[in-house]
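Work through the exercises below with the sequence and the model open. Each task is followed by a solution in steps.

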Amino acid sequence: ALQEQKSVIDNYIEALDSMESSLKLHYELGLVPRSDYLKVSVKRNEAVLNRTEINNMIDIASMNLAIITGREIDRPLRAVWRSNLNSALSFGDISADFTNRGELKILDKQLNIAVLNKKVTQGEYLPQLGFSAGYSYYYSPDIVTGMWSPTIGFALKIPIFNGFQRHHKLNMSKIEISKQQLKIEQKRDEISLEVAKAVRDLTFAQERIEVAKNSLEQASESLSEVVISYENGINTITDLLNAQADNRQAQVALLKAQTDLKVAYSFYLKAIGSL
């Protein structure tokens, strides 16, 4: 956004330079008062100062991004601007489905673990039947020449009395399952609110794009009318400078609306788990 603002103000300064040169020539010829020439000079100085501030902001933003990404701070950096951003998004792309959120997947797995733990606990206190089979080989010099001996064994374990241990463990397992289910419901409600806010912000950002476009169109049309009127001696230099400033502000407002839309879309993707 700062890079695009710098481009806008560069064009603005270029227009003021041309106007300043023209008014200086007209002033020297005695066709316009010195005040008109000075007004343009003042506006140009303000624009140059604004460009200096934007350059400093670009440097700071580049340094901050370099720190976050691990780049060298003094390495040149330029953001890629996608001018078709506003047309790439539509209301049909907006969905409130957040089943891809990683937190929900983790909580679902934790719930499955709690259910399995309950089954394991139940299994510990059920009758258990064990079976084993094997072969043994006996050999003793001068006594036994060598023989195989099969062995088969059975074991049956029937819990008769375990106090309240089984009841306590099963209750704890049920409580753990309930806790996990409650966590899932709470997280779903929390994410649902987050998604609703993200959708609302995204919708509002899309609406701002249209408003900013209309404002820029009107400002551009107004500037054209003022230029014609000024050349015909109807409007003053102040009117022309104000119209140019309004046009520049409308361009900056559209750029901000476009970047805000990108940010809102990123938060929306994060909310539904698709970022």
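**Exercise 1: the first helix and its end**

Gly30 follows α1 and has a positive phi, near 80°. The model is a predicted one.

Task: Check whether the length of α1 agrees or disagrees with the span expected at 1.5 Å a residue.

Solution. Step 1: α1 has 27 residues, so at 1.5 Å a residue the helix should span 39 Å. The expected span is 1.5 Å times one less than the number of residues. Step 2: the end C-alpha atoms of α1 are 38 Å apart, which agrees.

Task: Decide whether Leu29 is buried or exposed, and say which surface feature includes this residue.

Solution. Step 1: Leu29 sits in the loop between α1 (2-28) and α2 (34-69). Step 2: its relative accessible area is 58%, and the cut-off for exposed is over 50%, so Leu29 is exposed. Step 3: together with Leu25 and Leu31, Leu29 forms a nonpolar surface patch with about 330 Å² of accessible area.

**Exercise 2: salt bridges between elements**

Task: Find the salt bridge of Glu20 and state which helices the pair links.

Solution. Step 1: the side chain of Glu20 meets that of Arg44 in a salt bridge, 3.9 Å from N to O. Step 2: Glu20 is in helix α1 and Arg44 in helix α2, 24 residues apart, and the pair links distant parts of the chain. Step 3: Glu20 counts as buried at 18% relative accessibility, whereas Arg44 is partly exposed at 23%.

Task: Explain why the salt bridge between Arg101 and Glu194 ties together parts that are 93 residues apart in sequence.

Solution. Step 1: the two side chains meet at 3.4 Å, N to O. Step 2: Arg101 lies in the loop between α3 (85-88) and α4 (102-124), while Glu194 lies in helix α5 (residues 165-231), so the pair joins parts 93 residues apart. Step 3: Arg101 is buried, with a relative accessible area of 6%, and Glu194 is partly exposed at 28%.

**Exercise 3: a salt bridge within one helix**

Task: State how Glu176 and Lys179 are placed in helix α5.

Solution. Step 1: the side chains of Glu176 and Lys179 meet in a salt bridge of 3.8 Å, N to O. Step 2: the two residues are three apart in helix α5, so about one helical turn separates them. Step 3: an α-helix has 3.6 residues a turn, so residues three or four places apart point the same way. Step 4: Glu176 is partly exposed at 31% relative accessibility, and Lys179 is partly exposed at 42%.

Notes: Residues are numbered from 1 along each chain as its sequence is written. This is a predicted model: local features need pLDDT of at least 70, side-chain atom pairs count only at pLDDT 80 or more; totals for chains, interfaces and linings use all residues. Side-chain values use heavy atoms; hydrogens and water are left out. Patches are made of residues with over 30% relative accessible area and no salt bridge: like charges are joined within 9 Å, nonpolar side chains (Val, Leu, Ile, Met, Phe, Trp, Tyr) within 5 Å. Accessible areas come from the Shrake-Rupley method with a 1.4 Å probe; for residues, only the protein chains shown count as cover. A salt bridge is a side-chain nitrogen of Lys or Arg within 4 Å of a carboxyl oxygen of Asp or Glu. Helices (H or I, at least four residues) and strands (E, at least two) are DSSP runs, numbered from the N terminus. Buried means under 20% relative accessible area, exposed over 50%, partly exposed in between (1.4 Å probe, protein chains only).
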